[in-house]
Every structure is written in C-alpha cells, then in structure tokens.
Amino acid sequence: MEQTVTISPQIQRLKQRFGIIGNSPSLTSALERALQVAPIDLSVLIIGESGTGKEFFPNIIHENSARKHKKYIAVNCGAIPEGTIDSELFGHEKGAFTGAISSRKGYFEEANGGTIFLDEVAELPLTTQARLLRVLESGEYMRVGSSEVMKTDIRIVAATNKDMLAAIKEGKFREDLFYRLSTVQINIPPLRERGNDVLLLVRKFTTDFADRYRTPAVTLADSARQALLNYRWPGNVRQLKNIIEQIALFEAGNIIERDTVVKYLPDMGDGYKPAVIDKAQFDYTQERELLFKMLFQLQKELEKLKEEVASGVSGPSTHRELHLDVDDTGAVTAHHAPPTLDEGTVHDLQATDFELVDELIDTQHRHHHDEQKLNLEDIERETIKRALEHNGGRRKATAHELGISERTLYRKIKEYNLDDVEH
Ligand SMILES: Nc1ncnc2c1ncn2[C@@H]1O[C@H](COP(=O)(O)OP(=O)(O)O)[C@@H](O)[C@H]1O
Ligand SMILES: [Mg+2]
C-alpha cells in the first residue's frame, strides 16, 4: 500500500487545470517531476502503459515552460504511414515524390520555438530516427527532396508504452536516439498501482456520463467498489472510463453490485490483455454501438413490462422506462421517466384461467414482435434516409458513413424505396 503524502497547492491547481483525478503518491510525484523539468529545456520521455494518461504530460510541460506562447504540436508516430512521416515532420519540396504537387512545411518548421509531442515514439521508422537524431543534436534538418539545411529550435517530449530497451536490442530503435530523447524520464504508474484513485475516477466518470446522457447516476455498492479495486485494469484509465460509460448507460439509476460490475469487465483473471481500442475509431464506432445497444435495451425493457402487465404480476411498479429523444440534428439523448407507482390490481386467478391467459400472452407476444420489428425497420429506414440526404445521395459516401458495404446499402435502398433520396 502506498503511503499518503500531502499534496502541494501547486499540484492541486495543476490537477484542476487539466482535469486530472487522483491523489496517489506515484501519480503526484510524476506530476511534480513534470513541473520541475518543464522550465528546463531538456527532452523528456514519458513512459507508461496504454491508457495511463500520458497525454497530459507534454501539455503540462509545454504550458509551464518559456515556450508556452509558441506552438505545441502533437504527433502520433504510430498513426502516420511510414511513407509520409518524414514529410510530415520535416516538410518536402515540390516534386519530392509522386503527389508532392507543392512544397509543404513540416512540423519542425511550423512549431519553431515551441514543443513537439512525439506520441508512440517507438513506432518511428529507422530512417526517420536518423533525421530526428540529427535535428535534436544540431537543430538542423532538410526537407524531403531538398539539400538545403534548415534550422529549428524545438523541444521534444516523447511518449511510449513499449519496452524501449527491448526495442533497442531488437534493432528497432536507435540507442543513441533513445538516450537523447530520455534525458529526463517520467514514469506514469499503471492504474492498478494507484489504490483508491480508482474510486475517485469512478466517481468522476459516473457523474460525467450521467450528465452527458442525461440519465440518473448509478450508485455503487461496497461489493462493486471492491471488484473495481481488485481488477487489474490492463487498459488503465481509458478502460475504466469506457466501462463506466457502459454502466452509466445500461444500468442508469441502479444500485450496482459486484455481479453487475463483473459483467462489464472483460477479464477478471490475471491474463494481461492490452487495450486494443484505437482512440479515433473508438469515439465514433463505440458511440454508435452504444446507441444501438441502447435501443435494444429499450425494446427489452418494454417487453418485460408488457409481459408483467399481461401476466398480472405487476405490483407497485418500480420500472422506469427509458425514453429516447431525437432532436432535429439527429442527436439522441436518453432519460428515465420518473418512477411510476401505479397500484396494480390483484386478481384472484383460478387454475382454469391459465390456459386463457397463456393464449392471451401468446397473441400479445406475436403482436409485440411485429411491432418491434416495425420499429427497428423504421429506425433503419430513417437512418439510411438521413445519411443519404446528408451525403447528397452519394452512395459510396453514405455506405462509408453507415459502416456498411455499398452492396448492402444498395439492397436497403431498394427494400425501403429510397431510390430518389438526394438532398
Ligand atoms: N488521472 C486521470 N484523471 C482523469 N482522466 C484521466 C486520467 N488519466 C487518464 N485519463 C483519461 O483517460 C483517457 C486515456 O488517457 P491518455 O492520456 O490518452 O492515455 P495514454 O496516452 O497513456 O494511452 C483519456 O480520456 C484521459 O483523459
Ligand atoms: Mg496516448
């Protein structure tokens, strides 16, 4: 267990400014270190597992340095194709390669006097590493396709979740560059080593998501808190945030026990599962997926409600229906209706009534099923129609937006008679 330490007002202000949650000594000392090195013009390497909050650090360093009024540029080295990264970083001359129809400034030129954050720095190709080493040592570089030496004054903050020494051993990362980049190292602790910070983060995220989705906040029972504290969090804060988002949506207003938490945790065992969620993709696909799940959840709740009404077992109902509001921008918000406290009627059922009741339920189910299908079809038709309108009837773009193949879109257009939708 970590010891508690007093946290200086300066660190408190920093946390507030950046929305950083947590009081564990390991996180606090990482923040202190960042503040200490910020004004000194040295390269800093941020090391920590995926999802630990590394991205706060280059920002903190830039804002607390003499460069704060100059540019800050963040570059995700893992996301830029190998063929274009040199040109992105150092710029290129017109005609330097096929498609280079004009010359272009690179980030090192653009951010001159400021800070560049090289995220996932271990992913840099070896050729780029050579250029980077040169610019770090002498401030000199050349645009791609040019032999003119240019000068720049840049501070580099880099981050990685890789074992850099292993990368060096495997010949994937230059040792000289590694030492140049890691003049100062800051280690960001994994969430599993931050003790009760988990609970502070849960509190923050449950409130945030309840606000965002306009749903009543969940309450966590002790057993649930314990489960969250014991979990390994291979994807760290990013994973915790994602799981709380799901719980906030699908368990809105509920008291959460351990069992429920366990349902949302991918792996309670010891197996290390790296977080595989790509951030850019995550936001869009996840959100849509959540929306669809929400719709199905709504259908399920309705079905359950109807079943209970049909079988006459509903006492004072504690159910609260989930309502979806769609505004004219197509944004959907979900909220729960206030609890309905209808008294319900007590039936004196006789054994002979059961057959009749069963039959009734059966018929209702069949109706309900048709109704449900109709609703989903309506939603689908409407979704496709809007996407077509949105894309001026262009099918390729529409299919892309919806995440379906053009063939499927074609079929759906026929099925729903959407042939003439253009704008
Ligand atoms: N201590 C923290 N307090 C609040 N949010 C955090 C904290 N650490 C991380 N996050 C959030 O978790 C997500 C992942 O953080 P990020 O900096 O992208 O992780 P990394 O770059 O280390 O993979 C982001 O949404 C970030 O805002
Ligand atoms: Mg990151």
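Guide: Call a residue buried when 20 or more other C-beta atoms lie within 10 Å of its own, exposed at 12 or fewer, and partly exposed in between, with C-beta atoms placed from the backbone. What you're looking at is a predicted model, where local features need pLDDT of at least 70 and side-chain atom pairs count only at pLDDT 80 or more, while totals for chains, interfaces and linings use all residues. Residues are numbered from 1 along each chain as its sequence is written, while chains are lettered from A and ligands numbered from 1 in the order in which they are written.

Visitor: What makes you call helix H3 largely enclosed by the rest of the structure?

Guide: Just the count: 6 of the 8 residues in H3 (residues 56–63) are buried, so the helix is largely enclosed. Those are Phe56, Phe57, Pro58, Ile60, Ile61 and His62. Across the protein chain, 25% of the 423 residues count as buried.

Visitor: Why does Ile80 count as buried, exposed or partly exposed?

Guide: Ile80 has 19 C-beta neighbours inside 10 Å, so it counts as partly exposed. You'll find Ile80 in the loop between strand E2 (72–76) and H4. Setting aside neighbours within four places in sequence, Ile80 is in contact (C-beta atoms, placed from the backbone, within 7 Å) with Ile85 and Glu88. Glu123 is 43 residues from Ile80 in sequence, yet their C-alpha atoms are 9.5 Å apart.

Visitor: How do you know how H4 is oriented to H6?

Guide: H4 (residues 82–90) and H6 (residues 126–138) pack at about 20°, with axes 9 Å apart. That makes H4 roughly parallel to H6, since angles under 35 degrees count that way, over 145 as roughly antiparallel, 65 to 115 as roughly perpendicular and the rest as oblique. The axes are lines fitted to C-alpha atoms, for helices over the stretch in contact, with angles from 0 to 180 degrees between N-to-C directions.

Visitor: Which residues of H4 and H6 meet?

Guide: From H4 it's Ile85, Asp86, Leu89 and Phe90, and from H6 it's Thr127, Thr128 and Arg131. The contact of H4 with H6 divides into 3 nonpolar, 2 polar and 2 charged residues. (Ala, Val, Leu, Ile, Met, Phe, Trp, Tyr, Cys and Pro are nonpolar, Asp, Glu, Lys and Arg charged, and the others, Gly among them, polar.)

Visitor: What makes the orientation of H1 to H2 parallel or perpendicular?

Guide: H1 (residues 9–18) and H2 (residues 25–37) pack at about 95°, their axes 10 Å apart. That makes H1 roughly perpendicular to H2. Gln10, Ile11 and Leu14 in H1 meet Thr28, Leu31, Glu32 and Leu35 in H2, a contact of 4 nonpolar, 2 polar and 1 charged residues.

Visitor: And why are H9 and H11 called oblique?

Guide: Helix H9 (residues 197–213) packs on H11 at about 45°, with axes 9 Å apart. They're therefore oblique to each other. By class, the contact of H9 with H11 has 12 nonpolar, 1 polar and 2 charged residues.

Visitor: What surrounds ligand 1?

Guide: 16 residues (C-beta atom, placed from the backbone, within 6 Å) do, and the closest are Ile21, Gly53, Lys54, Glu55 and Val237. H11 (residues 236–250) gives the largest share of the shell, 3 residues. By class, the shell has 5 nonpolar, 7 polar and 4 charged residues.

Note on methods: Helices (H or I, at least four residues) and strands (E, at least two) are DSSP runs, numbered from the N terminus. Two residues are in contact if their C-beta atoms, placed from the backbone, lie within 7 Å.
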